[in-house]
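Thanks for coming. I will walk through one structure today, starting with a single residue and working outwards from there.

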Amino acid sequence: MNTNAPASLKPLRLWPGVAAAALLLALKYLAPRVLENGGLIATLGSMAAGAAIVLWWLFFSRARWRERLGILALTIAATAAVRLVVHPSIAGGMMGLMLVAMAVQMLPVALVIGAVIGQRFAPHRRTAAISAAVLIACASFTLIRTDGLFGGASQLSWRWTPTAEDRLLAQAQDTPPPAPVAAPAASPATAAPAARVEAEPAAAASRSVAPVPVKMDVRWPGFRGGERNSVVRGVQIPTDWTTAPPAEIWRRPIGPGWSSFAVAGDLLFTQEQRGPDEIVAAYRINTGKPAWMHKDPVRFYESNGGAGPRGTPTVSGGRVYALGATGILKVLDAATGAAVWKRDAIADAAIKLPGWGITSSPVVLDDIVVVAVSGALLGYDRESGNKRWFVKSRGGSYSSPQFAVIDGVPQVLLLAGAGLTSVAPSTGTVLWSNDFAGVPIVQPAVIGERDVLFSSSDAMGGLGTRRLAVSHSGDQWQVEERWTTNGLKPYFNDYVVHEGHAYGFDGNILACIDLADGTRKWKGGRYGNGQILLLAEQDLLLVVSEAGELALVRATPDQFTEVAARIPAIEGKTWNHPVVVGDRLYLRNGQEMAAFRLGVQNQ
């Protein structure tokens, strides 16, 4: 035996590569199931393991140098070539980095598999085996698409399978005639400067003839209810779901979108996407059948959240106010869907459309309609649609404007990239602010007469929650930070405040914190990126999981207690906020909606 054989003729040192590949697969497929924030750990951990495989191959594999460098060059070239033919959701996913992430995760595994298969071959045949494995793995990327994120990881489907939207469009629908459509939205006469309040009226809004609004009994005015706090009062429901579970009343498919419902009269109002049209729709509360649909020829899509509008309509004074995913603000007659006026809020704010679209819901206050677009706040005249004022805060935002009365003063709060800003609703004058950098999504909450609770997040998840004490003397405002905690870190799942505590999602697990000092009281129950409602009289959280399941959890600080075990409610990824009105529960997601009777005990 020649112990002085050159290194290039020695067999490959396989065990480090095999170990790293096994770790990569375990992180990618097991971490989301067993670890908190498992989706993030799976993505970052598997990419790190993929990088470790590349380092093994380059420096510790014993392969010939031209083989090492050649395989690496082939991998890079194949990834660049396949980018031209992969599905658009893969090419644009993760803000354009999805294909790179997939290549870093999966092509190193293919390299290891090829090396194991070719270990007994001659060097040139081994190179061919590894090359074939890498090319086959790279070609497989062309066969799939992503339907967005679920549980922090991508939902992958075969490229040729129809989406829920495709199936909806292929069905014969009992769709009513479209409501009258307004003329194209008006653009501002001049672009407003980015850092000042503009009090002068802008160019007149596009208007259409609409009937005198018919007053309706508004039972749930819009996003998260009347106070935007997801609190339901005056309702008590059975908690033994083994004997009295929620009873389905109706169910029907719906176009994609993350809008919730507003409820007035006998109608549900929501937003959805159907092919090239963004739609504001009204459905009958007792049957789910459509009453009217207003269409705008615009479509928003991004890979993480998919297609469709994100904001929830607001119903007030017999009219519906809806802000679409591209910033088109529509005001419609609630009874018929006839257009009253329309504005392009993105153009009015002179900003670019943010990557995840416009996700906020309008606030209607006296004679002002307030909307938020990526950190900008705009006030429109309720009747004419003319722009009354404009405020550009610091940094972007995916949160909605929140009306509040703090220390006796009405104001509108908006979370943006630099923190929390308060403005006067009538003029847009900035009253006060507090810095908490991030990319906020969820709503702030007012505690008592002077305190504010708010949180921030970034692209990877929640950062924490802060409580402020706010007061004023004349025109001077004082803002004091009481505490900041990481015991509750909501991402895009809103929390509720009840009896001195806040309940919400810390990552994808429910948690409770004490409002006195921010300390966490408990954490438990995995519901993914779900949503909650508070049934205040019963100290209950009605939880809708990301998978469309229902559960009841005690809203008490002693311990996590799931009162009613989970039951399936709707199919598909469910990020939309639930609505409870009387004895009815209304749910929807990006593919179907349903109504349930809760068996209300007292109202």
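Let me begin with R62, which is partly exposed at a relative accessible area of 29%. On that scale, buried means under 20% relative accessible area, exposed means over 50%, and partly exposed is in between, with a 1.4 Å probe and protein chains only. R62 belongs to the loop between α2 and α3 (65–82). Helices here are DSSP runs of H or I with at least four residues, strands are runs of E with at least two, and both are numbered from the N terminus. The phi of R62 is positive, near 75°, and this residue is not a glycine. Most residues other than glycine have a negative phi.

Before going further, some ground rules. This is a predicted model, in which local features need pLDDT of at least 70 and side-chain atom pairs count only at pLDDT 80 or more, while totals for chains, interfaces and linings use all residues. Residues are numbered from 1 along each chain as its sequence is written, and side-chain values use heavy atoms, leaving out hydrogens and water.

Now confidence. The pLDDT, the predictor's confidence in each residue on a scale from 0 to 100, averages 89 over the chain, and 91% of the residues score at least 70. Residues 186–203 fall below 50, and that stretch has 42 contacts in the model beyond near neighbours in sequence. A contact means heavy atoms within 4.5 Å. Residues 1–8 also stay under 50, with 4 contacts beyond four places in sequence. Where pLDDT is low, the predicted coordinates should not be read in detail.

Back to the helix before R62's loop. Helix α2 covers residues 38–59 and contains M47. M47 is partly exposed because its relative accessibility is 25%. Leaving out residues up to four places away in sequence, M47 touches A101, V104 and Q105. Its C-alpha atom is 34 Å from that of G255, which is 208 residues away along the chain.

A second positive phi outside glycine is found at D407, about 55°. D407 sits in the loop between β21 (402–406) and β22 (409–416). At 16% relative accessibility, D407 counts as buried.

Next, the strands. Two strands are paired if DSSP finds at least two bridges between them. One open sheet has 5 strands in the order β3-β16-β15-β14-β13, with antiparallel pairing. Its edges are β3 (206–207) and β13 (314–316), each of which pairs on one side only. β3 is joined to β16 (residues 339–344) by 2 bridges, and S206 has K342 as its bridge partner there.

Which strand is largely enclosed by the rest of the structure? It is β30, residues 501–506: 6 of its 6 residues are buried, so the strand is largely enclosed. On one side, 3 bridges link β30 to the antiparallel strand β29 (residues 496–498), with H498 opposite H501. The hairpin of β29 and β30 has 2 residues between the strands, and E499 takes a positive phi near 50° in it. β30 also shares 6 bridges with β31 (residues 509–514), again antiparallel, and A502 pairs with I513. That hairpin too has 2 residues between its strands, and here G507 has the positive phi, near 70°.

On to aromatic rings. Rings of Phe, Tyr and Trp (its six-membered ring) pair if their centres lie within 6.5 Å; planes under 30 degrees apart are stacked, over 60 edge-to-face, and the rest tilted. The whole structure has 13 such pairs. One of them joins Y491 and F492, tilted, at 5.3 Å centre to centre and 55° between the planes. Y491 is buried at 16% relative accessibility, and F492 is buried at 19%. Both belong to a cluster with W258 and W575.

W575 also appears among the contacts of N304, along with M94, G148, L149, W356 and K573, neighbours within four places in sequence set aside. N304 lies in the loop between β11 (301–302) and β12 (306–307), and it counts as buried at 14% relative accessibility.

Charges also sit over rings, which requires NZ of Lys or CZ of Arg within 6 Å of the ring centre and within 35 degrees of the ring normal. R68 lies over W65 at 4.2 Å from the ring centre, and R466 lies over F436 at 4.3 Å.

Last, cysteines. A disulfide is a pair of cysteine sulfur atoms within 2.5 Å, and the count is 0. C138 is buried at 3% relative accessible area, and C512 is buried at 0%.
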